[in-house]
Amino acid sequence: MKIFYKTEASASGGRTGTSSLEDGSYSVQMARPGSGDEGTNPEQLFALGYAACFDSAMEMTAKQLGLDASASKTSVAVGIGQRSEGGYALDLDITAHLPGMPEDDARKLVEATHEVCPYSNATRGNIDVRLHVDTATA
């Protein structure tokens with residue numbers, strides 16, 4: 001695989017510490033979900049990254065399919081839970097908001113995007129992911 005870009009992050013203190021990008025451009029205080037402490041949790045960061053990546057991949061895929069996704073917005077809901085066989089796993093719902101796009105085109109676009117998005121490829125087969133489309137206009 002030809003690598004186009006690579007970044008590095010470090011965490012200290014896990015879910016109650018600090019996570020930072022090695023280039024110094026971003027640092028965040030971490031907090032456990034439901035703790036009431038100020039901060040962000042890994043699931044929120046994963047949701048942010050996946051939403052941005054999927055939305056970008058959707059723009060590219062729309063152009064390839066001859067569709068207009070210029071008004072797109074992607075929402076990713078990330079849950080975490082305990083697996084019956086032990087350990088923990090993530091659970092995802094991805095919603096592509098494509099106002100005014102015909103439902104069939106929107107579904108085709110989202111499914112095609114899910115095949116090329118790097119996050120989708122990284123998680124395929126090991127995280128439950130449900131794809132949704134919202135074509136309602138505001």
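# Two cysteines, a sheet and a ring cluster

Let us start with a pair of sulfur atoms: the sulfur of Cys 53 has its closest cysteine sulfur in Cys 117, and at 3.8 Å the two are too far apart for a bond. Please keep in mind as you read that this is a predicted model. A disulfide is a covalent bond between the sulfur atoms of two cysteines. The cut-off used here asks for two cysteine sulfur atoms within 2.5 Å, so the 3.8 Å between Cys 53 and Cys 117 does not qualify. Looking from the other end of the pair, Cys 117 is in no disulfide either, and its nearest cysteine sulfur is that of Cys 53. A search of the whole structure agrees with this picture, finding 0 disulfides.

How accessible are these two residues? Cys 53 has a relative accessibility of 19% and counts as buried, because the limit for that word is under 20%. Cys 117 is buried as well, with a relative accessible area of 0%.

Now turn to the start of the chain, where you can find an open sheet. Its 3 strands follow the order E1-E2-E3, and their pairing is antiparallel. The edges are formed by strand E1, residues 9-12, and strand E3, residues 27-29, each of which pairs on one side only. On average, neighbouring strands in this sheet are turned by 15° against each other, direction ignored. Strands of a sheet pair through backbone hydrogen bonds, either parallel or antiparallel.

Have a look at how E1 meets strand E2, which covers residues 18-21: the two run antiparallel and are joined by 4 bridges. Two pairs of residues help you trace this match. Ala 9 stands opposite Leu 21 in E2, while Ser 12 stands opposite Thr 18 in E2. Between the strands of this E1 and E2 hairpin there are 5 residues, and in this hairpin Gly 13 takes a positive phi near 90°.

Further along, Asn 41 sits in the loop between E3 and H1. Asn 41 counts as buried, at 9% relative accessibility. Beyond its neighbours within four places in sequence, Asn 41 is in contact with Arg 15, Met 30, Ala 31 and Pro 33. Next comes Pro 42, which is found in helix H1. Pro 42 is partly exposed, having a relative accessible area of 32%. With neighbours within four places in sequence set aside, Pro 42 is in contact with Arg 15 and Met 30. To link this part with the cysteines where we began, the C-alpha atoms of Pro 42 and Cys 117 are separated by 20 Å, and these residues are 75 residues apart along the chain.

Helix H1 also leads us to the aromatic rings. The structure holds 4 aromatic pairs. In one of them, the rings of Phe 46 and Tyr 50 have centres 5.8 Å apart and planes at 85°, so this pair is edge-to-face. Phe 46 and Tyr 50 are 4 residues apart in helix H1 (residues 42-65), so about one helical turn separates them. Which of these two is buried and which is partly exposed? Phe 46 counts as partly exposed at 22% relative accessibility, whereas Tyr 50 is buried with a relative accessible area of 0%.

Phe 46 has another ring partner. The centres of the Phe 46 and Tyr 119 rings are 5.6 Å apart with planes at 55°, so this pair is tilted. Phe 46 lies in helix H1 and Tyr 119 in helix H3 (residues 118-123), so the pair ties together parts that are 73 residues apart in sequence. Tyr 119 is partly exposed, with a relative accessible area of 29%. Together, Phe 46, Tyr 50, Phe 54 and Tyr 119 form one aromatic cluster.

One member of that cluster brings us to our last stop, Thr 74. Thr 74 has its place in strand E4, residues 73-82. With a relative accessible area of 10%, Thr 74 is buried. Leaving out neighbours within four places in sequence, the contacts of Thr 74 are Ala 51, Phe 54, Asp 55, Met 58, Ile 94 and Thr 95. What joins the side chains of Thr 74 and Asp 55? Their side chains are joined by a polar contact of 2.8 Å.

Definitions and conventions: Residues are numbered from 1 along each chain as its sequence is written. This is a predicted model: local features need pLDDT of at least 70, side-chain atom pairs count only at pLDDT 80 or more; totals for chains, interfaces and linings use all residues. Side-chain values use heavy atoms; hydrogens and water are left out. Two strands pair if DSSP finds at least two bridges between them. Axes are lines fitted to C-alpha atoms, for helices over the stretch in contact, and angles run from 0 to 180 degrees between N-to-C directions. Buried means under 20% relative accessible area, exposed over 50%, partly exposed in between (1.4 Å probe, protein chains only). Rings of Phe, Tyr and Trp (its six-membered ring) pair if their centres lie within 6.5 Å; planes under 30 degrees apart count as stacked, over 60 as edge-to-face and the rest as tilted. Contact means heavy atoms within 4.5 Å. A polar contact is a pair of N or O atoms within 3.5 Å; within protein, one must be able to donate a hydrogen and the other to accept it, and residues adjacent in sequence count only if both atoms are side-chain atoms.
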